[in-house]
Amino acid sequence: MAKVKSKYVCQSCGYETAGYLGKCPECGSWGSFVEESTAPQKNSMPEVPDTFPPMKLDEIEMNSEIRMSTNISEFDRVLGGGEVNKSSGIVQGSLVLLAGDPGIGKSTLLLQTAGELCKNNKKVLYISAEESAGQIKLRAERLGIKTDNLYIYPQTNLELAKKYIEEMKPDLVIVDSIQAIYTSQIQSSAGSVSQIRECCNILMQTAKGQNISIIVIGHVTKEGNIAGPKVLEHMVDTVIQFEGDKYKTYRILRSVKNRFGNTSEVGIFEMSGRGLTEVKNPSELFLKEYNQTQTPGSTIIVTSEGTRPLLVEIQALVGTTPYPAPRRVANGVDTGRVLQILAVLEKRIGLNLSKQDVYVNVIGGMDVDEPAADLGIALAIVTCVRDVVFDSHTAIVGEIGLSGEIRAVNHIEKRITEAQKLGFKRIIIPEANEIQDKIDGIEVVRVKKILEAITRGVKG
Ligand code: TYD
Ligand code: MG
């Protein structure tokens with residue numbers, strides 16, 4: 001009997017079979033099988049030269065990371081850097097993944113970035129595997145980009161693209177998108193898990209080997225992320241997500257992984273007829289529809305995204321349930337957090353919600369995932385239940401503990417200043433945050449308990 005010299009391995013879960021399969025019986029991925037040789041290697045030493053023997057830590061020379069500003073400060077902020085004496089922007093030789101829903105504006109953002117870099121005499125190569133050169137030209141015209149330094153290369157084959165990357169040595173390469181490009185080294189079709197992985201590998205080697213920065217676009221699919229950017233997250237240096245509601249105009253850029261910076265910063269943009277514009281003052285945007293003559297169940301909180309304070313409106317709706325088990329729905333805040341706040345309200349201030357549906361919504365589609373929003377959520381619920389209006393000139397910040405105590409929050413000065421800048425007369429903060437009562441035109445009210453915050457914020 002002839003010996004089997006190769007096996008097929010699912011690149012998604014590691015399942016092995018003797019013959020090729022279209023769908024993995026173990027994890028259900030499509031096109032994830034790759035042929036691997038099972039014959040033992042004759043020589044176990046690698047063919048690559050051994051140039052770097054192990055070194056002592058203090059013998060290693062540090063070359064500080066070189067960053068290239070994109071000229072779009074909201075983008076730079078998310079890319080990181082910018083600490084004392086450091087510039088922010090794309091790190092030279094890094095591989096960045098820009099992920100987002102189709103149609104959210106990824107190509108637009110990167111084309112604008114390319115245009116800005118070219119203004120600074122940087123050379124950019126835009127490899128478009130999805131759109132024709134004509135389509136990109138049309139978009140560039142709409143965005144007002146005119147430059148000699150931007151090269152468009154409509155190509156789906158990565159080997160050909162790589163040839164030009166190595167020849168031209170641009171400052172930045174944009175690959176649009178990882179799902180549409182393919183390498184000839186692998187049989188499966190473009191967009192399959194193994195193609196995406198291998199392409200990413202090749203791009204990573206190119207970035208590191210040639211010291212060229214590369215940004216790849218990856219579409220996130222609603223129905224499972226199998227062939228999506230999820231499989232790439234651990235391979236690239238930085239993962240940036242572009243989020244937003246397609247029916248609203250603003251977009252949020254968020255870094256979810258960054259080997260060269262922190263991941264808490266967000267960048268905010270607005271999509272207009274002439275591309276994406278930066279939103280320098282996001283609180284204004286989120287409070288645009290805020291109604292000063294308020295209804296019960298609405299409060300303004302000061303949340304903190306990275307180092308930037310942001311005012312957003314929280315709304316709650318509480319009503320008798322027609323169902324056997326009441327519903328708890330949270331949009332923009334963690335449902336578990338809302339359940340915890342409800343439990344505290346029931347136990348500590350005797351609010352009976354066992355027959356009530358509770359809906360909590362963050363206006364503007366922002367995701368608020370810090371405990372400092374607790375008090376604002378609690379007060380929105382309480383004012384809705386009691387059918388009273390919370391003072392519309394008072395902002396709220398504070399975490400709620402399980403015994404109903406209000407706990408301290410970070411960046412308190414910045415939050416207070418932001419509320420004051422947006423015209424709020426008063427801010428309710430935790431007693432534990434030690435700060436004076438009056439700061440440049442805003443009254444600071446420090447509270448220990450939820451009930452105190454209610455009496456201070458509700459008229460009559
Ligand atoms: P696009 O960048 O093509 O999205 P992605 O690459 O993430 O799939 O942008 C898609 C949407 O943006 C499209 O519906 C049109 C809109 N758009 C504008 O509103 N204004 C503009 O100036 C541009 C270029 C696009
Ligand atoms: Mg696109």
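The following questions and answers concern a predicted model, its ligand shell, one helix pair and two backbone features.

Q: Which helix gives the most residues to the shell around ligand 1?
A: The shell around ligand 1 comprises 16 residues, and the closest are Gly103, Ser107, Thr108, Ser272 and Gly275. At least two shell residues come from each of α2 (106-119), α3 (133-142) and β13 (266-272). With three residues, the element that gives the most is α2.

Q: How many residues of the shell around ligand 1 are charged?
A: A residue belongs to this shell if one of its heavy atoms lies within 4 Å of the ligand. The shell contains four nonpolar and seven polar residues. The number of charged residues is five.

Q: Which residue places a backbone N or O atom 2.7 Å from an oxygen atom of ligand 1?
A: Two arginine side chains also make polar contacts with the ligand: an N or O atom of Arg139 is 2.9 Å from a ligand oxygen atom, and a polar atom of Arg142 lies 3.1 Å from a ligand nitrogen atom. The contact at 2.7 Å involves the backbone, and the residue is Gly275.

Q: What percentage of the accessible area of ligand 1 does the protein cover?
A: On its own, ligand 1 has 560 Å² of accessible area. Of this area, the protein covers 74%.

Q: At what angle do helix α8 and helix α10 pack?
A: Two packed helices are described by the angle between their axes and the distance between those axes. Helix α8 (residues 374-386) passes α10 (residues 450-457) in a right-handed crossing. Their axes are 11 Å apart, and the angle is about 65°.

Q: Which residue of α8 is the charged one in the contact with α10?
A: From α10, the contact uses Ile450, Leu451, Ala453 and Ile454, while α8 brings Leu375, Leu379, Val382 and Arg386. Seven of the contact residues are nonpolar, none is polar and one is charged. Because arginine counts as charged, the residue is Arg386.

Q: Where is the cis peptide bond that involves Ser177?
A: Ser177 lies in the loop between β9 (172-176) and α5 (193-210). The bond has omega near 0° and runs from Asp176 to Ser177.

Q: What is the phi value of Asn211?
A: Asn211 is placed in the loop between α5 and β10 (213-219). Its phi is positive although the residue is other than glycine, and the value is near 55°.

How values were computed: Residues are numbered from 1 along each chain as its sequence is written. Chains are lettered from A and ligands numbered from 1 in the order in which they are written. This is a predicted model: local features need pLDDT of at least 70, side-chain atom pairs count only at pLDDT 80 or more; totals for chains, interfaces and linings use all residues. Side-chain values use heavy atoms; hydrogens and water are left out. Axes are lines fitted to C-alpha atoms, for helices over the stretch in contact, and angles run from 0 to 180 degrees between N-to-C directions. Helices (H or I, at least four residues) and strands (E, at least two) are DSSP runs, numbered from the N terminus. A crossing is left-handed if the near helix is turned anticlockwise from the far one by less than a right angle, and right-handed if clockwise. Contact means heavy atoms within 4.5 Å. A polar contact is a pair of N or O atoms within 3.5 Å; within protein, one must be able to donate a hydrogen and the other to accept it, and residues adjacent in sequence count only if both atoms are side-chain atoms. Accessible areas come from the Shrake-Rupley method with a 1.4 Å probe; for residues, only the protein chains shown count as cover.
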